[in-house]
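Subject: Structure for you to look at, with notes

Dear colleague,

I am handing over the structure we discussed, and I would be grateful if you could read the notes beneath it with the coordinates open. Please tell me where you would like more detail.

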Amino acid sequence: MTNSANKSAIKLSDNDFEIFGLPCQFALDRAALSASYLRLQSQTHPDRFANSSAQEKRLAVQWATRVNEAYKRLQNPLERAIYWCELRGENPRGQQSNLPPALLMQQMEWRETLEEIDGVEALEDLLDEVAAEKKRCLALIAQQIDSENNAQAANRTAQALLFIDKFMIELTKKLEQLEDAS
């Protein structure tokens, strides 16, 4: 919402970081993000505009939606990294075929291992290995974004993280199936 007394009023077109008054970087102060979210929610919640004009009500809904979407995106480290890349003209969700050869080999090894697994313990071990790689990639992307400001490198790492997240979902589903079967 706009405030004529505030010359630096945020706009619907502002990026997520600007909306919350945060630096455009990977590492975020989660407490500042939450505090800003609560403040914006209290200012923009549609219930506050119940007695307002139709246009003001519509704008309040747009703001509430925009704030919620931005908050959800910035809360999630992978989504935050993807968004940062997109702000710099990269598209981590596209061109998945441009993954580094080492990651492609790792994916093939993990898939082969998954095909051979028939026990819960072995699957948990693989899940731990993939989770460790995810943690390593999150540290790497933090460096690529915050220290190096390298959108292309961050884009490649975000693509790797997208695969890792998808694979972890597969592993979790298989783990649930094995646990249900036993």
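The notes below go through one helix and its surroundings, then a residue of another helix, the aromatic pairs and the cysteines.

Please bear in mind throughout that this is a predicted model.

Helix α4 is a convenient place to begin. It covers residues 77–87, and L78, R80, A81, I82, Y83, W84 and C85 are buried within it. As for what these side chains meet, the buried residues of α4 pack against α1 (16–19), α2 (30–44), α3 (54–75), α6 (120–147) and α7 (151–181). At the start of the helix, the backbone nitrogen of L78 has a side-chain oxygen of N76 within 2.9 Å, while just after α4 the residue G89 adopts a positive phi of about 85°. One of the buried residues of this helix, R80, also meets an aromatic ring, in that its charged end sits over the ring of F26, at 4.8 Å from the ring centre.

A residue of helix α2 is worth a look next, namely L33. With a relative accessibility of 2%, L33 counts as buried, and when its neighbours within four places in sequence are left aside, its contacts are F20, L22, Y71, L74 and Q75. For Q75, which is 42 residues away from L33 along the chain, the separation between the two C-alpha atoms is 8.1 Å. Two of the contacts of L33, F20 and Y71, reappear in an aromatic cluster that they form together with Y37.

That leads to the aromatic pairs, of which the model has 6. In one of them, F17 and Y83 have their ring centres 6.0 Å apart and their planes at 35°, and the pair is therefore tilted. This pair links distant parts of the chain, since F17 belongs to helix α1 and Y83 to helix α4, 66 residues apart. Both partners are buried, F17 at 1% relative accessibility and Y83 with a relative accessible area of 11%. Another pair is formed by W110 and F163, where the ring centres lie 6.3 Å apart and the planes meet at 5°, so this pair is stacked. Because W110 lies in helix α5 (residues 101–116) and F163 in helix α7, the pair ties together parts of the chain that are 53 residues apart in sequence. Here too the partners are buried, with a relative accessible area of 2% for W110 and of 9% for F163.

Finally, the cysteines. The count of disulfides comes to 0. C24 is in no disulfide, and the nearest cysteine sulfur to its own, that of C85, is 10 Å away. Why is C85 not bonded to C24? The sulfur of C85 is 10 Å from that of C24, its closest cysteine sulfur, which is too far for a bond, given that a disulfide needs the two sulfur atoms within 2.5 Å. The surroundings of the two cysteines can be set side by side: C85 is buried, with a relative accessible area of 0%, whereas C24, at 30% relative accessibility, counts as partly exposed.

I would suggest opening the view on helix α4, where C85 and Y83 are both among the buried residues, and going on from there to the pair of Y83 with F17.

With best wishes

Definitions and conventions. Residues are numbered from 1 along each chain as its sequence is written. This is a predicted model: local features need pLDDT of at least 70, side-chain atom pairs count only at pLDDT 80 or more; totals for chains, interfaces and linings use all residues. Side-chain values use heavy atoms; hydrogens and water are left out. Buried means under 20% relative accessible area, exposed over 50%, partly exposed in between (1.4 Å probe, protein chains only). Helices (H or I, at least four residues) and strands (E, at least two) are DSSP runs, numbered from the N terminus. Contact means heavy atoms within 4.5 Å. A polar contact is a pair of N or O atoms within 3.5 Å; within protein, one must be able to donate a hydrogen and the other to accept it, and residues adjacent in sequence count only if both atoms are side-chain atoms. Rings of Phe, Tyr and Trp (its six-membered ring) pair if their centres lie within 6.5 Å; planes under 30 degrees apart count as stacked, over 60 as edge-to-face and the rest as tilted. A charge sits over a ring if NZ of Lys or CZ of Arg is within 6 Å of the ring centre and within 35 degrees of the ring normal.
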